[in-house]
Amino acid sequence: EKYGCTVVEIKERERMKQIGTSRVSHFSKRNQNTVLEGHNYVGRWSSVRNTTLGFASYIGAHSFLNNASIGRFCSIGSKVSILDGTHPTDTFVSTHPAFYAKQNASALSYISENKFQEFLTADAQNHTVVIGNDVWIGNDVCLLGGVTIGDGAVVGACALVTHDVAPYSIVGGVPAKVIKMRFSEDIINRLLKTAWWKRDEEWISAHAEDFDNIEKLLAALENE
């Protein structure tokens with residue numbers, strides 16, 4: 001009580017490793033190919049290897065987001081994972097990789113050359129998944145390899161994302177479908193055009209009070 005937090009919270013803070021302005025749990029996994037742009041947070045038991053985490057974006061506990069490109073100001077919940085492998089479901093007689101991959105988990109292969117692309121990517125840099133800026137992803141979400149989550153999108157908890165998610169859309173379900181758009185088409189186009197997340201921190205801090213009023217913020221952006 002003296003420090004305004006519980007014993008559990010104090011212990012959790014002691015388990016966090018400070019990396020510049022970012023905090024990463026000692027129980028999480030990352031490698032030298034992971035980029036933290038600043039003011040990031042990675043929760044316990046999460047894995048963010050070969051991943052770029054944009055400015056101010058954070059990830060909850062038990063999430064697996066390897067080989068991902070994540071934009072700025074993203075809020076990613078706990079137990080969010082990327083399913084980076086797939087299997088053929090038509091034409092091929094069997095879904096087992098022994099019949100389409102020279103190397104696979106079973107160490108058994110009957111073919112001389114790979115016949116199926118089992119690992120999908122979302123961009124030219126071979127990121128498995130691309131998550132835009134200002135994206136909110138709820139707990140227990142699964143993202144299939146090759147998908148792109150547009151700027152400003154919201155993915156509801158427990159969703160299975162099998163296709164690209166449009167900017168500023170709200171999706172949910174298994175498989176994920178559009179529930180509604182966050183704003184009108186005009187507002188969305190204006191937000192995407194101004195791309196406030198590309199502004200420097202000084203500008204964002206100076207206009208932070210306007211973020212509760214879209215028209216006011218857009219006016220500030222468009223009048224400059």
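How many nonpolar, polar and charged residues are in the lining of the largest pocket? The lining has eight nonpolar residues, no polar residue and two charged ones, where Ala, Val, Leu, Ile, Met, Phe, Trp, Tyr, Cys and Pro count as nonpolar, Asp, Glu, Lys and Arg as charged, and the others, Gly among them, as polar.

The structure is a predicted model, in which local features need pLDDT of at least 70 and side-chain atom pairs count only at pLDDT 80 or more, while totals for chains, interfaces and linings use all residues. Residues are numbered from 1 along each chain as its sequence is written, and side-chain values use heavy atoms, with hydrogens and water left out.

The protein has four helices and 17 strands, these being DSSP runs numbered from the N terminus (helices H or I, at least four residues; strands E, at least two). Its C-alpha trace spans about 60 × 50 × 30 Å along the principal axes, and 39% of the 224 residues are buried, meaning under 20% relative accessible area with a 1.4 Å probe and protein chains only.

The largest pocket has a volume of about 180 Å³. A pocket is an open set of points on a 1 Å grid over the protein atoms alone, where a 1.4 Å probe fits, with protein on both sides within 12 Å along at least five of seven lines, and lining residues have an atom within 4 Å of a point; the volume is the space filled by probe spheres set on the points, which are joined across faces, edges and corners. Its lining includes D134, R182, W196 and F211, and the largest share, three residues, comes from helix α4 (residues 214-222).

Just before this helix, in the loop between α3 (201-207) and α4, lies D210, which counts as buried because its relative accessibility is 13%. The side chain of D210 makes a polar contact with that of K216 at 3.4 Å, that is, a pair of N or O atoms within 3.5 Å, one able to donate a hydrogen and the other to accept it, with residues adjacent in sequence counting only if both atoms are side-chain atoms.

Elsewhere, strand β16 (residues 169-172) points S169 and V171 one way and I170 and G172 the other, and all are buried. In a regular strand the side chains alternate between the two faces of the sheet. Strand β16 runs parallel to β14 (residues 154-155), joined by two bridges, the minimum that DSSP must find for two strands to pair, and V171 is the bridge partner of V155. With β17 (residues 177-181), β16 pairs in the antiparallel sense over four bridges, and in the hairpin of β16 and β17, which has four residues between the strands, G173 takes a positive phi near 105°.

Technical notes:
Buried means under 20% relative accessible area, exposed over 50%, partly exposed in between (1.4 Å probe, protein chains only).
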